[in-house]
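Visitor: I am new to this structure and would like a close look at a single part of it. Please pick one helix and follow what surrounds it.

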Amino acid sequence: MTTGEGADQAVLPAPNRTFGAVGATLILLGGVACVLAFTALTWLRSNNIVIFDDLKFRKVHDLLNVLHTRTPKYIDYGVSRPYFSWLAWVLLTAVVVIGLLAVLPTPFAGPLRALGLIVALGSIGLTFWAIDLVSFSGPLARQLGSNNPGYTDYLSHAGPGFWVAAAGFLVMGIGALLGPRPVPQSIPPFQPSPPVQPS
């Protein structure tokens with residue numbers, strides 16, 4: 001191929017990208033939903049097995065601490081104690097920060113988009129694990145008998161705070177996955193080289 005032929009072939013640049021406003025909006029909306037879930041909404045409603053007032057996030061934290069202090073044996077908390085203490089807020093912060101970085105038009109946007117979605121899905125998984133507040137064993141389990149609450153009992157009495165938090169993490173994950181917005185580029189029309197005049 002001659003130099004003139006090579007000049008005739010258009011070389012398309014990589015598409016430019018700009019700040020992902022849609023993704024950022026979803027991340028902020030999901031973050032607000034999680035903050036409301038952690039501060040204002042009910043996480044567990046009272047039931048016939050365990051009698052308590054409807055519990056918001058902070059009240060769940062206090063109840064778990066009381067149980068841990070008064071009955072340190074034969075109770076497994078899983079991830080509930082750290083989740084309702086500090087883990088939920090760390091997850092929220094991580095998803096928001098990674099997600100907002102993912103919607104910036106940087107060379108790292110691709111890996112950050114994937115990481116934001118992974119952290120968001122992991123946060124949803126931990127939220128579903130944390131709603132299983134406690135499981136009893138040994139003498140406590142025998143004493144409770146059929147009234148020993150299981151995971152389905154907690155899940156069936158989960159309040160709006162639990163569901164809003166899970167939905168908020170999901171929305172943030174989607175926002176991170178969207179990433180920066182591509183800017184469409186116009187392709188200049190093909191301009192053929194003028195014919196070479198014979199000398």
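**Helix H4 and its surroundings**

Guide: The buried residues of H4 pack against H2, E2, H3, H5 and H8. The model is a predicted one, and H4 is a useful place to start reading it.

First, the setting. The protein chain has 199 residues, of which 32% count as buried. Its secondary structure comes to 8 helices and 6 strands, and along the sequence these follow the pattern α-β-α-β-β-α-β-α-α-β-α-α-α-β. Among contacts in the protein chain with a separation of 6 or more, 77% are between residues 24 or more positions apart.

Helix H4 covers residues 80–102, and a loop lies between strand E4 (75–76) and this helix. Gly78 is in that loop. With a relative accessible area of 43%, Gly78 is partly exposed. The C-alpha of Gly78 is 7.7 Å from that of Trp129, although 51 residues separate the two in sequence.

Within the helix there is a kink of about 60 degrees, centred on Trp86. The buried residues of H4 are Ser80, Tyr83, Phe84, Leu87, Ala88, Leu91, Leu92, Val95, Ile98, Gly99 and Ala102. A general point about helices helps in reading such a list: an α-helix has 3.6 residues a turn, so residues three or four places apart point the same way.

Next, the core. The largest nonpolar core has 36 residues, and those touching the most other members are Phe38, Trp43, Tyr83, Phe84, Leu133, Val134 and Phe169. At least two core residues come from each of helix H2 (21–39), strand E2 (42–44), helix H3 (57–70), H4, H5 and helix H8 (160–178). H4 supplies the largest share, 7 residues. As a general background, nonpolar side chains tend to be buried together in soluble globular proteins.

The partners of H4 can now be taken in turn, beginning with H2. Helix H2 has 19 residues and reaches 27 Å from its first C-alpha to its last, close to the 27 Å expected at 1.5 Å a residue. Its buried residues are Gly23, Ala24, Ile27, Gly30, Gly31, Ala33, Cys34, Ala37 and Phe38, and what covers them includes E2, H3, H4 and H8. Phe38 touches Tyr83, Ala88, Trp89 and Leu92, and its other contacts beyond four places in sequence are Trp43, Phe57, Ala165 and Phe169.

Val96, in helix H4, also reaches towards this part of the chain. Leaving out residues up to four places away in sequence, Val96 touches Ile27, Gly31 and Met172. The C-alpha atoms of Val96 and Leu28 are 7.5 Å apart, with their positions 68 residues apart along the chain.

H3 comes next, with His61 as an example, since His61 lies in that helix. His61 is buried, with a relative accessible area of 12%. Setting aside neighbours within four places in sequence, His61 is in contact with Phe84 and Ser85.

On the H5 side, Ser123 is the residue to find; it lies in helix H5 (residues 109–130). At 0% relative accessibility, Ser123 counts as buried. A polar atom of the Ser123 side chain lies 2.8 Å from the backbone oxygen of Val119. Not counting residues up to four places away in sequence, Ser123 touches Leu91, Val95 and Phe169.

Last, the aromatic rings. The structure holds 13 aromatic pairs. One of them is formed by Phe128 and Trp163 and is edge-to-face, with 5.9 Å centre to centre and 80 degrees between the planes. Phe128 is in helix H5 and Trp163 in helix H8, so the pair ties together parts that are 35 residues apart in sequence. Both residues are partly exposed, Phe128 with a relative accessible area of 27% and Trp163 at 41% relative accessibility. Ring pairs also link a cluster made of Phe38, Trp43, Phe57, Tyr83, Phe84, Trp89, Phe128, Phe162 and Trp163.

To return to the starting point, the helix with the kink centred on Trp86 is also the one that gives the largest share of the core.

Conventions
Residues are numbered from 1 along each chain as its sequence is written. This is a predicted model: local features need pLDDT of at least 70, side-chain atom pairs count only at pLDDT 80 or more; totals for chains, interfaces and linings use all residues. Side-chain values use heavy atoms; hydrogens and water are left out. Helices (H or I, at least four residues) and strands (E, at least two) are DSSP runs, numbered from the N terminus. Buried means under 20% relative accessible area, exposed over 50%, partly exposed in between (1.4 Å probe, protein chains only). A polar contact is a pair of N or O atoms within 3.5 Å; within protein, one must be able to donate a hydrogen and the other to accept it, and residues adjacent in sequence count only if both atoms are side-chain atoms. Contact means heavy atoms within 4.5 Å. A nonpolar core is a set of buried Ala, Val, Leu, Ile, Met, Phe, Trp, Tyr and Cys residues joined through side-chain atoms within 4.5 Å. The expected span of a helix is 1.5 Å times one less than its number of residues. The bend at a residue is the angle between axes fitted to the seven residues ending there and the seven starting there. Rings of Phe, Tyr and Trp (its six-membered ring) pair if their centres lie within 6.5 Å; planes under 30 degrees apart count as stacked, over 60 as edge-to-face and the rest as tilted.
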